[in-house]
Structures are given as structure tokens and as C-alpha cells.
Amino acid sequence: MKVEERARIGNSEEPIIIETGHYAKLTDGSVVVKQGGTAVLVTAVMSEEKNTEVDFTPLAVDYRERASAYGRIPGGFTKREGKPTDREILVSRVIDRPLRPLFPEGFFHDVIITALTLSADDKYDPDVLAITGASAALHISRIPFEGPVAGVRVCRVNGEFIANPTYEQRKEADLEIVMAGTKDAIVMVEGGGKEIPEEVLAEALFFGLEAIKEVIEAQERLREKVGKPKFEYERLELPEDILRALEEECTPKILEAFKIKDKKERYDTLDKIVEEFIEIHQIPEELQFNVKYFYKKLESRLMREKILKEGVRIDGRKPNEIRPIWIEVHPFERPHGNAIFTRGQTQAYVTVTLGTPDEALIIETIAEGEVFKRFMLHYSMPPFSVGEAKPWGPPRRREIGHGALAERAIEPLLPPEEDYPFIIRVVSDILESNGSTSMATVCGASLALFDAGVPIKDNKHVAGIAMGLILEKDRYVILSDILGDEDHLGDMDFKVAGTRDGITSVQMDIKVKGITKEIMLDALKQAREGRLHILEKMYEAIPEPRKEPNPYTPRVEVITVPEEKAPLIIGPGGSTVKKIYDETGVKVWVGEQGRVYLFVYPGGDLEKAKKMVEDIVREVEVGAVYEGTITRVEPYGVFVELWPGKIGLLHVSKMAEPVKSATEKYKVGEQIKVKVLDLDELGRPRFTTIGIEDGEKKEALKPGQVIEGKVVRVEPYGAFIEYSPGKTGLLHVSKMKEKVRDARQRYKVGQNVKVKVLDIDEQGRPRFTEV
């Protein structure tokens, strides 16, 4: 039986509809969530046996989009969806993160959440609907879950907050966040903005929290109607004597280990403490897992107490203290831009590579279909960064998520594409990891972009910092620049990136309920202070983008050609631009409105490439005589190239010395003088050699000479006068006896006119004035 609940999400244009009981009924819980024409099926399934190999809830989330949902066929050769795209991975993460802290402690059964787009309209993004759907599927199921939660996208458009805006509204937004919350607490935030003040971000978060209340209530009503009894799982326990001994014997040793500042040494020491305890007390194998689980809980409690009571962190820092920062700009020669950013035991090596538009990433999106992505930031964390002896595999979900977070931080400061047409790829390789590697990536990326000479908006650096929280009832401490331990054992991981003037990217995961507006504002204020401290260090290292990038960095020059002639530069199947690149080492990209970009790599011949482009769009004058190169010979005639890209046919019937077959007289590569008879419908010239020699025998014109000629072509700016066969000159409108704005008002082809030679241009063509 289908059951449905509706709810209004804030000031969104259309309601959210949650329905169950009609689809995927063999799961533990399944719902379809709709808004407008967008619909997502979300299912939840739990394993019958608990997973004995992990000490956390083994949750897995898979979000999948079908091209059919938005009426398209997938690209590529196979024409079917393959491995998850980056977009699908990122949405899977925003579904996972608000759910994970809401599973009860000690619950170790595998839980699989699957979200599948059934329909996607041109208004609403299915990602936030999938968050709500995952919560609803869990909430009505037998799976233990301390929800519900709901997802919402909040944008600020013209100063007004909008819940679940349409794609069109999102284009105008200066702030966009995806968030999830319970009825009284924010649990997850992901998003960014265009240098947004901290106060505005806080307002957006609490606007979103208010917006989801009706959706939370709808899930509660749904559970009342169709909810299943919750599964009673086996909780982890330890005999009282072992638990007491663990606390008494390990507490002083753990506190002593906390004084060790080196991460690897501290981890090794903490691991050794529990191993020794197991050995001394001869803990049976079936209880060793439980001992290690409760040892971790003890470690967390002691760390938290130390910070709350003494205001001292594991590595001896005060709560708002930033680890020492060390920066090296352009440590290696060949990358276009590179930098090393080190903060404590976290170190990122970041490079910038500039490319041409044909190297842009092509991605398929629900909203816009196939789009070109000009900026890419790829984050990578090899196992050696944490001292692990493991092979380096392909990018994982965490790496893709961290890369997207850093990319979002930098992107608002990039120059517009029309001013800086390069494709920009940033790669961050983490060399050492002890907390906040994504924020080290933001800092390193900003430094490397400056090093590459990328004209960043207003010469602004972007820095990032990860904030933590220890909260016990009414006591709390906010931590700046958290370590890995403080992330795992604390109550919040709050990453904030931005400039001196505001926030550009934010990501937050909260593991406790009841984060108040006061705590949020305090965290944002402390994050700003830390960010400004880091920015000062970055400006000291490199205060502005380099005016003269290193010699291995490509340069770009832009020239403008008549828009209708721009396709000629590309040539059939790109043959012409390929020829220019082969001969000059310069890549040519034809943009809009006749803008042609010449990308010059070291060793490239820019001047030659410019001349080749100018020759392609140069107009062929009917009646003019040119010298060209034979590129192809057929029995019926020869093809003559006047300049690159400008080829025409000299037919045997138009040759001064007729032949039965052109192959009898001509060979490829020969130079030949031809006269332009006319242009065909595609603008290609047709030649003749008849009368050329007679015309050349005539005495050349001299300035001041008066002649009578015939008009052979008229353009708005002037008339072309033929003074001898194949020889023409220009009578400009400014040199006519009667002043007209358009020469076509006064002259027609075939008309005779008397003119005086003003001068001869550098190509030997006369310019006339009317007499």
C-alpha cells in the first residue's frame, strides 16, 4: 500500500513529497522523494550478521544518476553508465556524512544505502532529496537510527536566502550550501560562496535548519504509519574487572603519550600500551576486540578532559594556536607553478599546469548536459604520507571529496575565461598527513597559482583552516588547526577557506546535537583569526602573482578576425590548426566573436603562426595576380595554395597554354602565377593564367600618375579599380569627389572612372584618389 507525506521546505517554490510502499519492497526501507519533476528512489538494507572486523558502523552509500532520468543517452563508446562519476561520489559523501554519526554506538552491522535518480527536471537537483530519502528509508526501517535528518540547499540571491532553489536561481547566487540537520541541530554542511562574511554564513545555516522542520515532521508521520520495530543488536561489553583495570593502568600511560608531539611516535606508543595490557592480563582472543574498542573510548575521554580542564591539546598547543608554518615557492624547475606548504606535520606539494581549451575536461551534468570544465583541482594522498607500507591505488572517495572542497575555495578568485583562456589544472600531493590536508591543499594551490603568474582576482591569496570542537554539556572549547586525533576523537570537523574579505568554501561535520548559534559564531570568528594568520605567512612568501612566469610557462596572444571567417582557421576536421601547430609549435583556439587565441609554448614561433592565421582570413581580390604553390594535380586542373588555408582551382580550360591533362605540364610543389577570376559559393578562388604576362609587361604605376580604370568590386569602404588585367587598386570613400558613407551608393561594377595614384602600398598595390 502506497503511503505519502508532503511538506514545504522553507520558501521553496514546490513541496517535498515522500512516498513508500510501492517500489523496492524487498528492502528494509525504501522511499521515493519528489520535488517538481525530480524523483529519487532511496533504499536501505542491513546485514543479518554483524561485521567483526571493524569498530565503527560499516555504512556504505551509493548515489547513482541515470542519463535516462533527464532524457539523454550517455556519452562514450559503450553508451551505458560505468563507474561512479565524481559528481556521484560527491553526492554519496554528502548523504553519508549526516547519517554516520546518527547510528547508535556499538552497532556494527553492514548498512547499504542506495539512491537512484528516477527523474530529473530542469529545476531541482536530486542531491538534497537523496539526503532526505536516505533518512526516511532508515527511519521507517528496522535499522537502528537516531534520526531523522533532512537535506536542504540554501542559496543567497540578491541578498535573500532561498531553500532548494532552481538551477536558474543558483546561477545568480553568491552563496550556495548543501546542509543536513535534525529537528534541532545542524549535522553537515558543504558549500561555498564569493567571499561571504562569517555572519552571513551563520544566518544561512540557521535559515536552513528552520527550513527543514516540516520535512522532519513528515518523516515522523511516515514512521507512525508504516514504521517497523527497531532491530535489537548485540552491544559490546567488557567484564567489570577488566574495564576497571583498563582505566586504572592505561590512564597515566595515555596521558604521558599525549605529550609526544610526533604523530607516528605517539601512535606507536598508544598502540603499544593496549597491546601490553592485553598481554599482561592474558585477554582471551574473543575479548581483544572489545578491549581495543573501550581503550579507544578511554583515549577519547582523556583527550577531551585534558583540553576542557587544562586548555592544553595533545601536542601542547593552546586551543587557538596554529602549528608552525613553512612555505617554499617554486622549489622545482619545470612545473608552470609549484609550492610546498607545511603546517606542523601536514605537508602538501602543489603544482599548477596551464593548458589550452582543447584540454578542458568534458563532463555531463543534469542541468546543462555536456559542459567544458576549465579549472580542475586534483587531491592525492599516497600511503607514505602517513607512514604506511601500501601500494598507491586510484583516487578514493575521500580524495575526490577533498579535491572538490579545495577547488571550490579557489574557483571564485580565478580570472574570467575571456581574459585568461588557459585551462588550469592544480594537483596536490600530500607528502605528510597529520590533520587538515585539504586546507593545506587550498594554501598550497593559492601559492602555486601565484607562482605560475595566474592573475588571481585583486591579487588575493586563499587560505584554509580546519576547526574542531570539544563539547560537554554546557562547556565547550573550539580548536584551531586540528590534528588527525582531534578530528577522530572530537565533536566537530569544520573546514573554512577564504580570503581576507570572506569565505569561499566550507565543509562541516558535527557529531553531537545542540550546536548553538553562539558556538557557531565563535567557531567562525576563531576560524577567521586563524585564516588571517596563515594568509600573512603566505603573503610574505609571495605577495602577488608573478609578472614574468618561468620560461616553461605557455603564453597566450589574442587576435581578432572577422567572425564569419573564423571557421576557416579551423579547417576541415581541424586540419588547418593542426598544420599551424606542426609548423610553428603554436596551438590555435578559435573562440567566439572572432577571437583567436594563440598559445605559445617554449620554442614556438608566434610571429609565423600569426602570419599564417592572418593569411587564412586575408581576402582574395578578384582580378588580382598572386604567386602560389601547386598542392595537387588532377587531369582536369591544378590546386594552387596562395597562402595556408587559401586554395583554389586552376582548370585546364583557363590555362594560357591549353593541355589535355594538367598532369602533362604541372607537378606538386611548383610555384605558379595565377589571376583570380572569381570566388565560388564557398569563397574559394578560381584561377586563370590567361593575360597575366601581358599585364606584367605594362609599365608599373607611379605616384601622381592619372589613369582610367574599371570598377571590378565595390565594398562599403571603397571601390576596387582595375587599371590593367589582373591589377587593381583601392579608391577609398574618403578619396572620392562626392562624399558618401557607402561606396555602393556611387559606384557599380563595370563602371569606368578616372583616378590619380596617391601611393603604392608595401605589397605593390596602388591607392587612388578620384579626379
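**A guided reading of the predicted model**

At 35% relative accessibility, threonine 631 counts as partly exposed, because the value falls between the cut-offs of under 20% for buried and over 50% for exposed. The model in which this residue is placed is a predicted one. Threonine 631 belongs to strand E25, which covers residues 625-634. Once neighbours within four places in sequence are set aside, its contacts are Phe639, Glu641, Ile647 and Val668. Aspartate 491 offers a reference point for threonine 631: the two residues are separated by 140 residues in sequence and, C-alpha to C-alpha, by 74 Å in space.

The next topic is helix packing. Two packed helices are described by the angle between their axes and the distance between the axes. For helix H14 (residues 575-584) and helix H15 (residues 606-617), the axes come within 10 Å and the crossing angle is roughly 155°. H14 is therefore roughly antiparallel to H15, since an angle over 145 degrees is assigned to that class. The crossing of H14 past H15 is right-handed. On the H14 side, the contact is made by Thr576, Ile580, Glu583 and Thr584, and on the H15 side by Lys608, Ala609, Met612, Val613 and Ile616. Sorted by class, the residues of this contact comprise 5 nonpolar, 2 polar and 2 charged.

A second helix pair is formed by H6 (residues 240-257) and H8 (residues 285-310), whose axes come within 10 Å and cross at roughly 50°. This angle makes H6 oblique to H8, because it lies neither under 35 degrees, nor over 145, nor from 65 to 115. The crossing of H6 and H8 is right-handed. H6 contributes Ile242, Leu243, Leu246, Glu247, Cys250, Thr251, Ile254 and Leu255 to the contact, while H8 contributes Leu287, Val291, Phe294, Tyr295, Leu298, Glu299, Arg301 and Leu302. By class, the contact of H6 with H8 contains 12 nonpolar, 1 polar and 3 charged residues.

Cys250, one of the H6 residues in that contact, leads to the question of cysteines. With 2% relative accessibility, cysteine 250 counts as buried. Cysteine 443, at 0% relative accessibility, also counts as buried. A disulfide is a covalent bond between the sulfur atoms of two cysteines. How many disulfides does a search of the whole structure find? The search returns 0 disulfides.

The backbone has features of its own in several loops. Between helix H7 (263-280) and H8, the loop holds glutamine 282. This residue has a positive phi of about 50°, although it is not a glycine. Is glutamine 282 buried or exposed? At 62% relative accessibility, glutamine 282 counts as exposed, because its value is over 50%.

Glutamine 593 likewise has a positive phi, of about 55°, without being a glycine. Its place is the loop between strand E23 (586-590) and strand E24 (595-600). Glutamine 593 counts as exposed, with a relative accessibility of 59%.

One further loop, between helix H2 (126-140) and strand E7 (150-157), contains proline 148. Which form does the peptide bond from glycine 147 to proline 148 take, cis or trans? That bond is cis, with omega near 5°.

Technical notes. Residues numbered from 1 in each chain as written. Predicted model: local features only at pLDDT ≥ 70, side-chain atom pairs only at ≥ 80, totals over all residues. Heavy atoms only, no water. Axes fitted to C-alpha atoms, helices over the stretch in contact; angles between N-to-C directions. Helix = DSSP H or I, 4+ residues; strand = E, 2+ residues; numbered from the N terminus. Left-handed = near helix turned anticlockwise from the far one by under 90°. Contact = heavy atoms within 4.5 Å. Nonpolar A, V, L, I, M, F, W, Y, C, P; charged D, E, K, R; others polar. Disulfide = S-S within 2.5 Å. Buried < 20%, exposed > 50% of the residue type's maximum accessible area, 1.4 Å probe, protein only.
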